[in-house]
Amino acid sequence: MDRYPFPDDLIDAQREWHAAYRALAAPRPRHTAELRRRLLLLSVRIEWHPWWSTPAGWSPAARVELRRLAAGDRKAEAA
């Protein structure tokens, strides 16, 4: 059972943010300006998502849980 009922578009944005960050952190990344713009766009989309104004979104732990959830999917895929 999920402690926080994150909407799918918020989870997808966080997953895309992680993917763009990993691509930018790779040795000698290509298209760095495009990746930086993508990170900025996704950061704004995540930060200003309407879900954060709901009672469940008020908790700072919810932001941590969103990042953990998105990163956890990546770890599951790697295993």
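Both Trp51 and Trp52 are buried. In this predicted model, the two rings form an edge-to-face aromatic pair. Their centres are 5.0 Å apart, with 75° between the planes. Trp52 has a relative accessible area of 7%.

**The aromatic cluster**

A pair of aromatic rings is described by the distance of the centres and the angle of the planes. The whole structure holds five aromatic pairs. One of them joins Phe6 and Trp52, with ring centres 6.4 Å apart and planes at 65°. An angle over 60 degrees counts as edge-to-face, so the pair of Phe6 and Trp52 falls in that class.

What does the pair of Phe6 and Trp52 tie together? Phe6 lies in the segment before helix H1 (8–25). Trp52 sits in the loop between helix H2 (32–47) and helix H3 (60–78). The pair therefore links parts that are 46 residues apart in sequence. Phe6 is buried too, at 10% relative accessibility.

Tyr4, Phe6, Trp51 and Trp52 make up one aromatic cluster. A charged residue also meets this cluster: Arg63 lies over the face of Trp52, at 4.1 Å from the ring centre.

**The nonpolar core**

The members of the aromatic cluster return in the largest nonpolar core, which includes Tyr4, Phe6, Trp51 and Trp52. That core has 11 residues. The others are Leu10, Ile11, Ala13, Leu42, Ile46, Ala62 and Leu66. H1, H2 and H3 each give two or more residues to this core. H1 supplies the largest share, three residues.

Leu66 shows how the parts meet. Leaving aside residues up to four places away in sequence, Leu66 touches Phe6, Leu10, Ile11, Gln14, Ile46 and Trp52.

**Helix H2 and its two sides**

H2 has 16 residues, and at 1.5 Å a residue these should span 22 Å. The end C-alpha atoms of H2 are 22 Å apart, which agrees.

Which residues of H2 are buried? They are Leu35, Leu39, Leu42 and Ile46. Seen down the helix axis, the buried residues of H2 fall within an arc of 75°, so they line one face. Leu42 and Ile46 also belong to the largest nonpolar core. The face turned away from the buried side carries the exposed residues Arg36, Arg37 and Leu40.

**His18 in helix H1**

His18 is found in helix H1. Is His18 buried or exposed? With a relative accessible area of 16%, His18 is buried, because the cut-off for burial is under 20%. Beyond residues up to four places away in sequence, His18 touches Arg67, Ala70 and Ala71.

**The chain as a whole**

The chain has three helices and zero strands. Read along the sequence, the pattern is α-α-α. Of the 79 residues in the chain, 24% are buried. Among contacts with a separation of 6 or more, 65% involve residues 24 or more positions apart.

One long-range approach concerns Arg3, which lies in the segment before H1. The C-alpha atoms of Arg3 and Glu65 are separated by 8.8 Å, although these residues are 62 residues apart along the chain. Arg3 itself is exposed, with a relative accessible area of 70%.

**The loop between H1 and H2**

Most residues other than glycine have a negative phi. Arg28 departs from this, with a positive phi near 50°. His31 has a positive phi as well, of about 60°, although it is not a glycine. Arg28 is in the loop between H1 and H2, and His31 is found in that loop too. Arg28 is exposed, and His31 likewise counts as exposed.

The table gathers accessibility values for residues discussed above.

| Residue | Relative accessible area | Class |
|---|---|---|
| Trp52 | 7% | buried |
| Phe6 | 10% | buried |
| His18 | 16% | buried |
| His31 | 58% | exposed |
| Arg3 | 70% | exposed |
| Arg28 | 80% | exposed |

How values were computed. Residues numbered from 1 in each chain as written. Predicted model: local features only at pLDDT ≥ 70, side-chain atom pairs only at ≥ 80, totals over all residues. Heavy atoms only, no water. Phe/Tyr/Trp six-rings, centres within 6.5 Å; stacked < 30°, edge-to-face > 60°. Helix = DSSP H or I, 4+ residues; strand = E, 2+ residues; numbered from the N terminus. Buried < 20%, exposed > 50% of the residue type's maximum accessible area, 1.4 Å probe, protein only. Lys NZ or Arg CZ within 6 Å of the ring centre and 35° of its normal. Expected span 1.5 Å × (residues − 1). Arc of directions from axis to C-beta. Core = buried A, V, L, I, M, F, W, Y, C linked by side-chain atoms within 4.5 Å. Contact = heavy atoms within 4.5 Å.
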